[in-house]
Amino acid sequence: MNNKKPLLNNPYGHADYETFHARRRAFADKSGFIRFLDDESLTSYPVLLRPRRFGKSTFVRMLKCFYDISYRDRYDEIFSGTDIYKENLESRNSYHVLSFNFSGVSGDDKERLISNFVIAIDLGLEDFRERYPDFDFNPSEKEKDTPSGFIKSFFKAYKRYPSKRTLYIMIDEYDNFANNLLSQDRELFRAITGAGGFLKDFYAAIKEGTETSCVAKTFITGVSSVSLDSLTSGFNITLNVTSYWQFNEYAGFTEDELAKLIPNLVDTKSLGAGVDEIIERMKPVYDGYCFSRQAKRTVYNSSMCLYYLSNLQQTGEFGSPEEYLDPASDHDGQKLQKLFEITQDNIADEILNTYLSGDVFFISDLAKNLNLSGNSKYDRVQFLSMLYYLGYLTIDPKRSRSGRLALRIPNLFLSKLFAQCTSDLRLKSNPEFSSATLDISALQRGDDDITSFAASCTKFLSGILTNQVLTHMSEMALNLTLYTKLDTMGVEFAEMQKSLRVPGDGEKYADLVITINEGKANELVYLIELKYIAKSNASESKIQSLAREASDQALKYCSAIEFEGKTVKAYAMIFSGSGCVYCRKHS
């Protein structure tokens with residue numbers, strides 16, 4: 001008899017919260033955050049920002065189901081078993097909810113943007129009419145010409161509605177199209193977000209609705225504060241609560257939530273990996289996000305997690321999370337590189353140097369306004385704030401304090417995007433870097449002695465530093481520079497920070513893995529652990545200490561599951577300044 005519990009369906013790509021129970025979709029229960037939204041001490045008009053693909057839309061749909069009158073008869077069906085179910089809050093199903101989703105708004109000129117914005121408003125109003133068929137609303141074509149005119153006509157009709165209560169307006173992705181324009185068409189961005197732009201007029205119209213008692217509450221989500229100036233100048237009673245500790249975990253998954261989700265989504269027994277093992281693999285790549293200086297826990301990118309777990313179940317293979325990066329993610333190296341165009345050159349250099357040194361970024365606080373209407377390029381605080389809002393950086397609560405906010409790169413996935421950006425902007429575009437070569441002949445022959453490779457690395461790095469392609473060296477800079485050079489040579493297959501499963505030791509990352517004759521009978525793997533020490537600290541004892549550390553790591557990594565049945569040669573290479581001061585094979 002098979003008593004095996006059936007798996008639930010993966011909610012990846014689905015935000016229709018009201019169907020999750022009926023369609024047996026697994027989900028992380030975020031209903032407890034409704035208590036914070038109902039707290040009288042919180043503003044009635046919060047703005048809560050998070051990076052894309054973090055579950056904001058699902059959260060908004062949950063709020064709609066909880067607060068909207070039309071879902072009253074479905075409360076048990078939708079919320080049974082959730083944290084908020086037995087609370088019996090007075091606010092439950094007590095509002096007429098009007099919801100808008102602006103994620104699909106786009107356009108390459110002002111007129112098309114306005115037209116598509118109006119269409120998004122129309123979709124929200126049509127949804128309202130479907131839930132309340134007795135609501136009489138027939139706006140004229142003139143009223144529908146502008147976003148502000150359209151919403152004002154709705155308020156006018158609502159005042160006459162016999163079943164009128166109070167409105168709760170929910171806006172999802174308020175800034176999506178503005179974020180896209182920021183890196184594509186800055187003039188159009190200024191035109192729509194500046195004084196007299198349609199965004200300001202639209203939100204001013206919503207503020208009028210609060211003054212006439214039509215609108216009791218609003219809830220607005222988005223990615224960044226890039227359009228917040230337009231929103232707050234028109235609707236100046238909103239409050240940005242993005243950094244409130246209470247909401248740190250409202251989007252994304254905590255580790256506890258993942259531990260509950262995984263056994264409902266993955267047949268761990270068939271996979272041959274337990275929940276803890278799966279989380280251990282996911283953590284370095286998807287975790288690390290923190291949105292409040294007072295937060296105690298970090299969260300995982302929820303969309304990335306769901307995509308990975310879906311692939312685990314579909315393939316039955318316990319692959320590396322780096323092999324299954326959500327294709328719908330808004331993060332890639334090219335977009336990050338494009339963003340560097342909207343800040344001053346010296347700031348871009350500083351950020352890349354800070355990344356290469358492994359340091360955090362300090363600012364006094366996040367920029368309140370990221371509107372470019374009055375500026376041609378972002379200053380340092382604005383640009384770092386933008387990288388934070390877009391999810392490229394996150395808050396480091398341990399190193400932050402009052403008046404001093406520390407931002408860091410959240411995880412390995414984002415770190416590798418910074419690596420790609422550094423490689424493209426600093427290395428590949430430089431003639432000194434492009435013209436130099438590394439001697440890999442010993443590796444191609446399968447030799448144990450690779451001193452010729454080490455010597456060529458020294459010569460190459462000396463040229464890089466002398467010609468200021470890089471202004472200083474670090475372990476990260478060393479790893480990235482050697483990997484990028486090997487990759488551009490295209491002779492063999494090189495990998496940087498390769499994910500490895502080491503039996504008894506969990507998930508590890510090898511600095512440099514070079515595969516010779518990949519896929520052939522004589523395939524050979526060179527695994528190289530790199531260490532760097534500044535010349536001023538490079539005593540013989542310290543070099544030997546680093547050599548032992550690198551050797552131990554390299555030998556341990558040789559036993560990785562990924563190398564089963566392969567011939568692997570393990571090396572430790574220690575660099576000081578530009579010179580390789582230690583290169584030895586260990587077995």
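In the predicted model, F453 is in contact with L438, D439, I440, L443, L486, I514, I528 and M573, its neighbours within four places in sequence being left aside. F453 is also one of the residues with the most contacts inside the largest nonpolar core, together with F102 and I278. That core comprises 179 residues. A second core, separate from the largest, has 11 residues, among them V502, A510, A554 and Y557. In soluble globular proteins, nonpolar side chains tend to be buried together.

F453 belongs to the buried residues of helix 20, which also include A454, S456, C457, F460, L461, G463 and I464. Helix 20 runs from residue 451 to residue 466 and contains 16 residues. The distance from its first C-alpha to its last is 22 Å, close to the 22 Å expected at 1.5 Å a residue. After helix 20 comes Q468, which has a positive phi, near 55°.

The structure was also examined for enclosed space. It holds 1 cavity of 30 Å³ or more, and the space in the largest cavity amounts to about 30 Å³. The lining of this cavity is formed by I440, L486, M489, V491, E492, A494 and I514. By residue class, the lining has 6 nonpolar residues, 1 charged residue and no polar residues. The charged residue is E492, because Glu counts as charged. Of the lining residues, I440, L486 and I514 are also in contact with F453.

Conventions:
Residues numbered from 1 in each chain as written. Predicted model: local features only at pLDDT ≥ 70, side-chain atom pairs only at ≥ 80, totals over all residues. Heavy atoms only, no water. Helix = DSSP H or I, 4+ residues; strand = E, 2+ residues; numbered from the N terminus. Expected span 1.5 Å × (residues − 1). Buried < 20%, exposed > 50% of the residue type's maximum accessible area, 1.4 Å probe, protein only. Core = buried A, V, L, I, M, F, W, Y, C linked by side-chain atoms within 4.5 Å. Contact = heavy atoms within 4.5 Å. 1 Å grid on protein atoms, 1.4 Å probe; cavity = no way out; pocket = protein on both sides within 12 Å on 5 of 7 lines; lining within 4 Å. Points joined across faces, edges and corners; volume = space filled by probe spheres on them.
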